[in-house]
Amino acid sequence: MAAAVAFRLAEPGDFLQVLNICSEAFDGLDYMAVFYQRWLEEPGRLVFVAALDSRVVALESALLVDGGQTAVFQGLRVASDLRGRGVAGALQKHVTDYIRHHYPQVSACRLSRGDQPSPQTLSKYSLVAKEAILSLCCEATDLGLFLAELRAKVPCNSSSSSSSSSSSSCSPGPVMLSQQEAETLILSDHVVSKLLPGQTIINDWEPLRPVEANLEVLRRRGLTWIADRRSEPAALSLCTVPYAVPLRHDALHFNMNIFGRSLAPVCSVFVAQLEALLPSLTGYLVFHTYVDPPLWPGLRHFCQNTANVLFFKDYWEEQRCLITDVII
């Protein structure tokens, strides 16, 4: 089957056929309808399709990051009737060969996994980082009540610099960061060594090394950055712009990554991110929050509520986002 498939760079005219192969993906949360055209225009991104006769049957993309030294593979899709027939592997091999030939400075590829890879798969890669995923869903009209419940139980985030006589007092609340403040913090020794998982910036499922060359990639995403404090934070978070997904006619999805090892500041910035979004949200919401795996049970308990905010797809909550590197 794979031998009969032709590979080429994607074009705007492939859009409808690409949507056809995405119809069953991600439990109604597929982002491709929103992201496809952006990907075609994004600097440093290559988008490929596989075609059988005149039919588009698969898609894969690679984003050049880390100053052009790494290719991040994203967006693999295969038509449902051709899965398990070698198409995905053949397309990924084509993309890798294309990068090796046209971009010889690329020394590694990086990808994210939402399942638990087999030992055989892990033997081919090196594990860079893990994040646990907490997923929630609700009507936008219920989010305000949810936040009211959370505010009442936000754990006290005592400043680590407090003296023993004042250790019971909470530090000031979370702060929204300017782009410049966020970029300074995300590259700081404190954040890189103490907060980032595997010393890796992860935006949604997009893993980046903490180097200046990747700041432009982050700027393109229009992220909201919030920390528990401006100097040496215990938690630093980024949140994507909400985008439409096909789950429901009015459904919106967004993703939040929170870098931190302590539950109290992580809960604090989680609430602050939702408060920042609240005025602009309408319709039905599904949002994923990525945290350090040991914090997942505590955050889930924190999010239990009576405001009709539900946990979305239990199996998602058990999975880990696995980031891997492999030398090309």
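In this predicted model, the backbone oxygen of isoleucine 226 lies 2.8 Å from a polar atom of the serine 237 side chain. Serine 237 belongs to strand 11, which spans residues 235-239. The side chain of serine 237 also makes a polar contact with the side chain of glutamine 273, at 2.9 Å. Serine 237 is buried. Its relative accessible area is 0%. The cut-off for buried is under 20% relative accessible area, so serine 237 falls within that class.

The surroundings of serine 237 were then listed without neighbours within four places in sequence. Serine 237 is in contact with Thr224, Trp225 and Ile226. Asn257, Ile258, Val269 and Gln273 are also in contact with serine 237. Two of these residues, Ile226 and Gln273, thus recur from the polar pairs described above.

Helix 9 covers residues 263-277. Helix 9 packs with helix 5, residues 140-151. Two packed helices are described by the angle between their axes and the distance between the axes. For helix 5 and helix 9, the angle is about 150° and the axes are 11 Å apart. Because angles over 145 degrees count as roughly antiparallel, helix 5 is roughly antiparallel to helix 9. The crossing of the two helices is left-handed.

Helix 5 contributes Leu143, Phe146, Leu147, Leu150 and Arg151 to the contact. Helix 9 contributes Phe270, Val271, Leu274 and Glu275. Of the residues in this contact, seven are nonpolar and two are charged. No polar residue takes part.

A further buried site is proline 197. Proline 197 sits in the loop between helix 7 (189-194) and strand 8 (201-203). The relative accessibility of proline 197 is 11%. With the cut-off for buried at under 20%, proline 197 therefore counts as buried. Proline 197 and valine 128 are 69 residues apart in sequence. In space, their C-alpha atoms are 8.1 Å apart. Residues up to four places away in sequence were not counted among the contacts of proline 197. On that basis, proline 197 touches Ala129, Lys130 and Glu131. Proline 197 also touches Ile202, Phe259 and Arg261.

Across the protein, there are 11 helices and 16 strands. The protein has 328 residues, and buried residues make up 50% of them. Contacts were also considered between residues at least 6 apart in sequence. Among these, 72% join residues at least 24 apart.

Technical notes
Residues numbered from 1 in each chain as written. Predicted model: local features only at pLDDT ≥ 70, side-chain atom pairs only at ≥ 80, totals over all residues. Heavy atoms only, no water. Axes fitted to C-alpha atoms, helices over the stretch in contact; angles between N-to-C directions. Helix = DSSP H or I, 4+ residues; strand = E, 2+ residues; numbered from the N terminus. Parallel < 35°, antiparallel > 145°, perpendicular 65-115°, else oblique. Left-handed = near helix turned anticlockwise from the far one by under 90°. Contact = heavy atoms within 4.5 Å. Nonpolar A, V, L, I, M, F, W, Y, C, P; charged D, E, K, R; others polar. Buried < 20%, exposed > 50% of the residue type's maximum accessible area, 1.4 Å probe, protein only. Polar contact = N/O pair within 3.5 Å; in protein donor to acceptor, adjacent residues only side chain to side chain.
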